[in-house]
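I sat down with this one to find out how its strands are arranged and what lies between them. Here are my notes, in the order I ended up liking best.

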Amino acid sequence: MMRPALILGLGGLLAAGSAALELFVNGDFETALAPPWLSDTGGPGTFIVRATTFDPDPDYEVLVQKGSGNGHAKLWQTIAVPSPEVVFSITAKLQASATWGATRPWAVAAILLYYEDQLGRLYGTTCIARPSTHCPWTSSDSFRLITVADEEWRTHTIDVAQELQYFAGVDPQAVSRIRVGLAAVVGADC
Ligand SMILES: [Ca+2]
């Protein structure tokens, strides 16, 4: 069985400074998933659901899950940012597993931040991920892969202005929006 899953507690994109500004719409998943949250699924066994019981607190979380077989489940929101001086924070539990097979199946649960300009041109991607063995995702000049060490609830924080320094030649002031995605992906036949 392949079972990549991604369960999220709360999301928030905060403007730096004394007055923290929540830039997500429904970033805590307390109301029904609707635009600007968008989703896409492919293949069997996909779930994108809200519930209060994925973690012990009484508030809602969202589950993005892809079961056995090639495909994906993705949930994302594009956020206009007033400047690169923003801090992204999310509490999530990332799980991925893939059984051995001749086709080297793989799975990954990931939080993705795509840094874009007003025209949607992509300047770089940060990926916080829990990959299984054989997952082909690797870092490059435009893609920074940060792997998580376990499958517990963890809070992940990205200082965007600092993060953009990873991508050589990118003018941080050109980045005017961030597409934040939650993705569960399975590759290779199982
Ligand atoms: Ca809860």
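**Entry 1: a hairpin.** I am working with a predicted model. My starting point was the hairpin that β7 and β8 form, with five residues between the two strands. In its turn I checked G120 and found a positive phi of about 85°. The two strands, β7 and β8 (residues 122–131), run antiparallel and share nine bridges. As one example of the register, I noted L112 facing C127 in β8.

**Entry 2: the other side of β7.** Next I looked up how β7 pairs with β11 (residues 177–187): the sense is antiparallel, over 11 bridges. Here Y114 has R179 of β11 as its bridge partner. I also asked how covered β7 is, and of the 11 residues in this strand (106–116), nine are buried.

**Entry 3: the whole sheet.** Stepping back, I traced an open sheet of six strands, ordered β2-β5-β11-β7-β8-β9, with mixed pairing. At the edges I found β2 (38–42) and β9 (143–147), each of which pairs on one side only. From one strand to the next, the twist averages 15°. I then went to the β2 end, where β2 pairs with β5 (residues 71–80) in the antiparallel sense through five bridges. D40 sits opposite K74 of β5 there.

**Entry 4: the core.** Which residues have the most contacts inside the largest nonpolar core? I got V64, A107, V108, A109, A110, L113 and A129, in a core of 39 residues. I listed the elements that supply two or more residues to this core: β4 (61–66), β5, β6 (86–95), β7, β8 and β11. The biggest giver is β7, with nine residues. A handy reminder for the margin: nonpolar side chains in soluble globular proteins tend to be buried together.

**Entry 5: A80.** I wanted a residue from β5, and A80 is in that strand. Is A80 buried or exposed? It is exposed, because just 9 other C-beta atoms lie within 10 Å of its own, and the cut-off for exposed is 12 or fewer. Setting aside neighbours within four places in sequence, I found A80 in contact with S176 and R177. I also took the C-alpha separation of A80 and R179, which comes to 8.7 Å for two residues 99 apart along the chain.

**Entry 6: backbone oddities.** I went through the loops for unusual torsions. Between β1 (5–15) and β2 there is a loop that holds P36, and the peptide bond joining P35 and P36 is cis, with omega about 15°. The loop between β1 and β2 is also where I found F29, whose phi is positive, near 60°, although the residue is not glycine. F29 counts as buried because 24 other C-beta atoms lie within 10 Å, against a threshold of 20 or more. H134, in the loop between β8 and β9, is another non-glycine residue with a positive phi, near 80°. H134 is partly exposed, with 15 other C-beta atoms within 10 Å.

**Entry 7: chain totals.** To finish, I tallied the protein chain: one helix and 11 strands, running β-β-β-β-β-β-β-β-β-β-α-β from the N terminus. Of its 190 residues, 35% are buried. Among contacts with a separation of 6 or more, 68% join residues 24 or more positions apart.

Methods: Residues are numbered from 1 along each chain as its sequence is written. This is a predicted model: local features need pLDDT of at least 70, side-chain atom pairs count only at pLDDT 80 or more; totals for chains, interfaces and linings use all residues. Two strands pair if DSSP finds at least two bridges between them. Helices (H or I, at least four residues) and strands (E, at least two) are DSSP runs, numbered from the N terminus. Axes are lines fitted to C-alpha atoms, for helices over the stretch in contact, and angles run from 0 to 180 degrees between N-to-C directions. Two residues are in contact if their C-beta atoms, placed from the backbone, lie within 7 Å. A nonpolar core is a set of buried Ala, Val, Leu, Ile, Met, Phe, Trp, Tyr and Cys residues joined through C-beta atoms within 7 Å.
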